Amino acid sequence: MPSRRQLIVGVGSALAGGTTLVSSATPPTAATASSTVVQSTTATPSAADSSDSSLEWPMAGYDLAGTGYNPDASGPSDDVEIVWEHDATDWFRGAAPPILLDGTLYAAGDGLVALEAETGEGLFGVRGPYTSSLAQVAADAYRTETLAATATSGIYGLNAGGGLEVPFLETRVGAHRWTGPGHHPRGPSIGPHPSIDPRPSVDPVATDGTVYAPVHGTNDLVAVDANDGSAHWRITHHEDDPVSVSFARPAIRDGLLFVANWPYQVTAYDRTDGALEWRRELEDQMQLSTVATEAGVVVTSRNGVTLLDRATGDTVWRRDLEGNATDGTAAVADGTIFLSDGRETFYALDLESGEQRWSAPFERETTPVVADGVVYAVEHGARLVGFDADTGEERFRYEPPEVPLSPPIVGDGVLYAVNRERIVALEEVE
């Protein structure tokens, strides 16, 4: 029987042949995942022969602009039921939405879990400090895709293939590719306990081999090379405040990166070099999110929503909803903005004018998504509500046994969501 040292050396040689770069930082442990539909395995995911790239969901917010809308996807439009549920691992604690790539579902929560999207069968799992959602990014140094994640300890590049499992050692090598800029590096499972603050870090966005994200605990935004985690550029919003400015998820359109931050600012940067294009201070305290659209940049705030000109940052219109939102985003689809006021109402507003199209009762903040004429929004972190996008009619409600329930993503007639210790797939009741 080969020694433990021989096994590790052999795996390292195999990895060297499969990638240009191999990171040994933060060695992950193997998952003990299981599904109520199919028993878990530890295998490397491969693209399904029938997979449709138009039905993928490659990052939180779906696209670089952060619209939360996939025009090619369709989800349930009436009462839903669980088609499968996956009790991930004894360490998994998630609140961020999953992503969907080539028939594989990936979810982060104190680690990375990969599942077969059709069945919920476990493919692999590795521990790590990751608390954000994931973003797919191609890197020339690797044969498989890289997944970017953030945590309170920094920015990470992960192997979408899961690396290689080491026999007899219950660990995987090559799952963790690199560690990017951070504030105070620590080990796995750091930061606030998930029951207190389940999503302490901001979701990254990624394109053209570059990952864009705030650096937790600082006033910095960074553009990271997907090959090795090095910074293309890193800019500081301002120097004179030791407290983080609490950036929102960035949005990208037409070569510009837009980001809102607490308390008052919205800023546009050139995404290639981080050069400042414009910065605006808005009336409302607490700017929460940006969505980059053809009509302008949709900015949600504590009290309402504002549309800014993309090129200049000038206000096109502002709508005071008399809200009290401290979190959440808007979704934009077919000329309509969908958002909650953080109190008791969900709104659909005209993108060009800000005029109300409809409203419906709804508790607290949310991060809605849209597909095929249905708006999906999680109410108070505990109930999934489906609204008719044209009329606001409530189509269904789903209440999971645990909280929090993440914002869903949409596949081919299926909704996927993370539900604290498990991951679920929901279909329309036949």
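**Exercise 1.** Determine which residue of β6 is the bridge partner of L115, and place β5 among its neighbouring strands.

*Solution.* In β6, L115 has G122 as its bridge partner. Strands here are DSSP runs of E with at least two residues, numbered from the N terminus, and two strands pair if DSSP finds at least two bridges between them. The model is predicted: local features need pLDDT of at least 70, side-chain atom pairs count only at pLDDT 80 or more, and totals for chains, interfaces and linings use all residues. Residues are numbered from 1 along each chain as its sequence is written, and side-chain values use heavy atoms, without hydrogens and water.

Step 1: β5 and β6 (residues 122–127) run antiparallel, joined by five bridges. Five residues lie between these strands in their hairpin, where G120 has a positive phi near 80 degrees.

Step 2: Five bridges also connect β5 with the antiparallel strand β4 (residues 104–108); T104 stands opposite E116. That hairpin has two residues between its strands, and D110 in the turn takes a positive phi of about 60 degrees.

Step 3: Of the six residues in β5 (residues 111–116), five are buried (under 20% relative accessible area, 1.4 Å probe, protein chains only).

**Exercise 2.** State in which order β17, β18, β19 and β20 form their open sheet.

*Solution.* Step 1: The order is β17-β18-β19-β20, with antiparallel pairing. Step 2: β17 (251–253) and β20 (276–281) are the edge strands, each pairing on one side only. Step 3: Six bridges join β18 (residues 256–261) to β19 (residues 265–270), and L256 stands opposite D270.

Definitions and conventions:
Helix = DSSP H or I, 4+ residues; strand = E, 2+ residues; numbered from the N terminus. Buried < 20%, exposed > 50% of the residue type's maximum accessible area, 1.4 Å probe, protein only.
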